Amino acid sequence: MRIKNQQDFWSGVLYIVVGLGFSVGATNYSFGSAARPGPGYFPFGLGLLLAIIGAMVLVGSLASKHEGPIGKIAWKPLSIIVGSIILFAFTLPHLGMAIALPLLVLTSALAGDEFHLGEVLLNAAILTIGSWAVFIYGLNLVIPLWPTFIG
């Protein structure tokens with residue numbers, strides 16, 4: 001068996017490892033039932049889905065028509081994305097979702113080759129409103145919306 005597309009092969013392996021990791025980690029929480037899912041229900045299912053997608057990508061890499069080695073790792077964009085996530089983790093409790101999430105979108109957009117401020121601001125607004133609707137309004141999670149010095 002010969003790996004024809006190394007990029008897809010290693011992407012599939014990464015998806016499988018991360019998906020199984022989430023699924024195994026979710027077993028530490030209660031699953032509940034389909035009618036009343038517990039905290040482990042969603043991460044377990046999502047982890048399995050991610051592992052299945054990874055397996056499909058991995059198998060596809062063996063039969064791919066595109067051949068080529070893995071290119072160099074783009075360290076700068078990787079650093080910017082990881083730094084943006086760390087920044088979000090530290091700013092969310094103090095600045096709230098209304099500031100921390102647009103800050104995450106803005107800083108992570110700097111990792112790309114093209115940067116259009118209007119598109120980034122629109123994306124930030126849609127993601128912030130959507131996150132508020134799902135997590136704070138819909139699921140009643142206790143996530144600060146506004147900075148602590150406001151209220």
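Select Ile 86 to begin: at 45% relative accessibility it counts as partly exposed. The model you have open is predicted. Ile 86 sits in helix H3. Now add Leu 104. The two C-alpha atoms are 9.1 Å apart, while 18 residues separate the pair in sequence.

**Stop 1: along H3 to Thr 91**

Stay in helix H3 and pick Thr 91. Is Thr 91 buried or exposed? Its relative accessibility is 12%, so Thr 91 counts as buried. Show its surroundings, skipping residues up to four places away in sequence. Thr 91 then touches Gly 96, Ala 100 and Leu 103. For a long-range distance, pick Arg 36 as well. Thr 91 and Arg 36 are 55 residues apart in sequence, and their C-alpha atoms are 32 Å apart.

**Stop 2: H3 against H4**

Select H3 and H4 together. They pack at an angle of about 170°, and their axes are 8 Å apart. The two helices are therefore roughly antiparallel. Colour the contact next. On the H3 side, take Ile 80, Ile 81, Ser 84, Ile 85, Leu 87, Phe 88, Thr 91, Leu 92 and Leu 95. On the H4 side, take Met 97, Ile 99, Ala 100, Leu 101, Leu 103, Leu 104, Thr 107 and Ser 108. By class, this contact of H3 with H4 holds 13 nonpolar residues, four polar and no charged.

**Stop 3: H4 on its own**

Hide H3 and keep helix H4, residues 97–109. H4 has 13 residues. From its first C-alpha to its last, H4 reaches 18 Å, close to the 18 Å expected at 1.5 Å a residue. Which residues of H4 are buried? They are Met 97, Ala 100, Leu 101, Leu 104, Val 105 and Thr 107. Bring back helix H3 (75–95) and add helix H5 (117–138): the buried residues of H4 pack against both of these helices.

**Stop 4: H4 against H5**

Now isolate H4 and H5. Their packing angle is about 140°, with the axes 9 Å apart. That makes H4 oblique to H5. H4 passes H5 in a right-handed crossing. From H4, the contact takes in Met 97, Ala 98, Leu 101, Pro 102, Val 105, Leu 106 and Ala 109. From H5, select Leu 117, Val 120, Asn 123, Ala 124, Leu 127, Thr 128, Ser 131, Trp 132 and Ile 136. The residues of this contact of H4 with H5 divide into 13 nonpolar, three polar and no charged.

Met 97 is worth a label. It is among the buried residues of H4. It appears in the contact with H3, and also in the contact with H5.

**Stop 5: Trp 132**

Zoom in on Trp 132, in helix H5. Trp 132 has 35% relative accessibility and so counts as partly exposed. What does Trp 132 contact, leaving aside its neighbours within four places in sequence? Met 97, Tyr 137 and Leu 145. Then pick Tyr 41. The C-alpha atoms of Trp 132 and Tyr 41 are separated by 22 Å, and the two residues are 91 residues apart along the chain.

**Stop 6: Asn 140**

Move on to Asn 140, in the segment after H5. Check its backbone angles. Most residues other than glycine have a negative phi. Asn 140 is not a glycine, yet its phi is positive, about 55°. With a relative accessible area of 60%, Asn 140 is exposed.

**Stop 7: H1 against H2**

Select helix H1 (residues 6–26) and helix H2 (residues 41–62). How are H1 and H2 packed, and at what angle? The angle is about 160°, and the axes are 7 Å apart. H1 and H2 are therefore roughly antiparallel to each other. Their crossing is left-handed. The contact of H1 with H2 counts 18 nonpolar residues, six polar and one charged.

**Stop 8: Leu 20**

Finish on Leu 20, in helix H1. Its relative accessible area is 42%, so Leu 20 is partly exposed. Residues up to four places away in sequence are again left out. Leu 20 then touches Gly 47 and Ala 51. One last pair: Leu 20 and Gly 112. They are 92 residues apart in sequence and 29 Å apart in space, C-alpha to C-alpha.

Technical notes
Residues are numbered from 1 along each chain as its sequence is written. This is a predicted model: local features need pLDDT of at least 70, side-chain atom pairs count only at pLDDT 80 or more; totals for chains, interfaces and linings use all residues. Side-chain values use heavy atoms; hydrogens and water are left out. Helices (H or I, at least four residues) and strands (E, at least two) are DSSP runs, numbered from the N terminus. The expected span of a helix is 1.5 Å times one less than its number of residues. Buried means under 20% relative accessible area, exposed over 50%, partly exposed in between (1.4 Å probe, protein chains only). Contact means heavy atoms within 4.5 Å. Axes are lines fitted to C-alpha atoms, for helices over the stretch in contact, and angles run from 0 to 180 degrees between N-to-C directions. Angles under 35 degrees count as roughly parallel, over 145 as roughly antiparallel, 65 to 115 as roughly perpendicular and the rest as oblique. A crossing is left-handed if the near helix is turned anticlockwise from the far one by less than a right angle, and right-handed if clockwise. Ala, Val, Leu, Ile, Met, Phe, Trp, Tyr, Cys and Pro count as nonpolar, Asp, Glu, Lys and Arg as charged, and the others, Gly among them, as polar.
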